[in-house]
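Reader: I have the sequence and the fold in front of me. Please walk me through the surface, the charged pairs and the cavities.

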Amino acid sequence: MKKIYVMAILAIVFFSCKKGSNAENAGHPQSEKVNSKSAVVPVPGATIINFSGYTWQVKNITDLAVGGPGPNYWANSSVWVDAQGLLHLRIKRDPATGRWNCAEVSSLQEFGYGSYVWKVEGAVDQLDKNVILGLFNYKSGDDGHHEVDIEFARWGNSAWPNFNYTVYPAYGDPATRKFNTYELALNGTYSTYKFQRNSQKVTYKAYHGHNELEGNSFYPWSTPDSGFPVSTEALPVHMNLWLFNGLAPSNAQEVEIIIHSFQFTPA
């Protein structure tokens, strides 16, 4: 077990911070006011959707050398908002090309200190070992800094824990990030995930069902009370469903996760 735990830590070191590339996100401004909702310049030609009261751009990339995390293909067809206003993220195989297309959206608003809450539908505790769902803050162009993650991932190894919290520092060595991993087992397919960010720390908690009832909560965790350089910047929110190292699902099954809502409450 000790060997497995060490390997899991190494996996997070190498794989959890790669959310995008400089090329696809160059020129996006960052606000210095951490609770503002300033506009992010979208990628030219990007599909724009409305979800949960915010606007989002959809990642659509067919060049493996361009957009991380990867190497993966990303398609507009893997993302949609249904008539009830729910966001669908899907990993699907293109029958014409054989490619597995992944899904990602990123907000055109930036969010700072406050509470971030996602209500999710899907068996995120039973994802294939090669499938990763990420809910996170991220500063494009600065991998390893200014990032707050909730990730459902085994990083290609079915023996590793499937639920990850990670906070990267605002500056300094990315290896000083703080993280914790757990083995997630849900009561059903409805769950809620939350983190709160302020100038001193990031605090996490998850819940069975679409609620924030303390009796349904699990896996609370936070960065140290002092001494850790939490990002002071307003950052976009990303949601993505992707494949570890671009590997197809080991069970060869398509995957769909539904996000019922994302809510930000300023501190």
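Reader: What share of the accessible surface belongs to carbon and sulfur atoms?

Author: This is a predicted model. The accessible surface of the protein comes to about 11,200 Å². Of that area, the share from carbon and sulfur atoms is 53%.

Reader: Is Glu104, the salt-bridge partner of Lys59, buried or exposed?

Author: Lys59 and Glu104 form a salt bridge, with the closest N and O atoms 2.9 Å apart. Lys59 sits in the loop between strands E2 and E3 and Glu104 in strand E6, so the pair ties together parts 45 residues apart in sequence. Buried means under 20% relative accessible area. Glu104 has 3%, so Glu104 is buried.

Reader: How many residues apart are Arg90 and Glu254?

Author: Their salt bridge has its closest N and O atoms 2.8 Å apart. Arg90 lies in strand E5, and Glu254 in the loop between strands E15 and E16. The pair links distant parts of the chain, and the separation is 164 residues.

Reader: Which residue is linked with Arg90 and Glu254 in a network of salt bridges?

Author: Arg90 is partly exposed at 25% relative accessibility. Glu254 is partly exposed too, at 36%. The network of salt bridges links these two with Glu256.

Reader: How many charged residues are in the lining of the largest cavity?

Author: The largest cavity holds about 50 Å³ of space. Its lining includes Val124, Phe152 and Asn162. By class, that lining has five nonpolar residues and one polar residue, and the charged residues number three.

Note on methods:
Residues are numbered from 1 along each chain as its sequence is written. This is a predicted model: local features need pLDDT of at least 70, side-chain atom pairs count only at pLDDT 80 or more; totals for chains, interfaces and linings use all residues. Side-chain values use heavy atoms; hydrogens and water are left out. On a 1 Å grid over the protein atoms alone, a cavity is a set of points where a 1.4 Å probe fits but cannot get out, and a pocket is an open set with protein on both sides within 12 Å along at least five of seven lines; lining residues have an atom within 4 Å of a point. Grid points are joined across faces, edges and corners, and a volume is the space filled by probe spheres set on the points. Ala, Val, Leu, Ile, Met, Phe, Trp, Tyr, Cys and Pro count as nonpolar, Asp, Glu, Lys and Arg as charged, and the others, Gly among them, as polar. Accessible areas come from the Shrake-Rupley method with a 1.4 Å probe; for residues, only the protein chains shown count as cover. A salt bridge is a side-chain nitrogen of Lys or Arg within 4 Å of a carboxyl oxygen of Asp or Glu. Helices (H or I, at least four residues) and strands (E, at least two) are DSSP runs, numbered from the N terminus. Buried means under 20% relative accessible area, exposed over 50%, partly exposed in between (1.4 Å probe, protein chains only).
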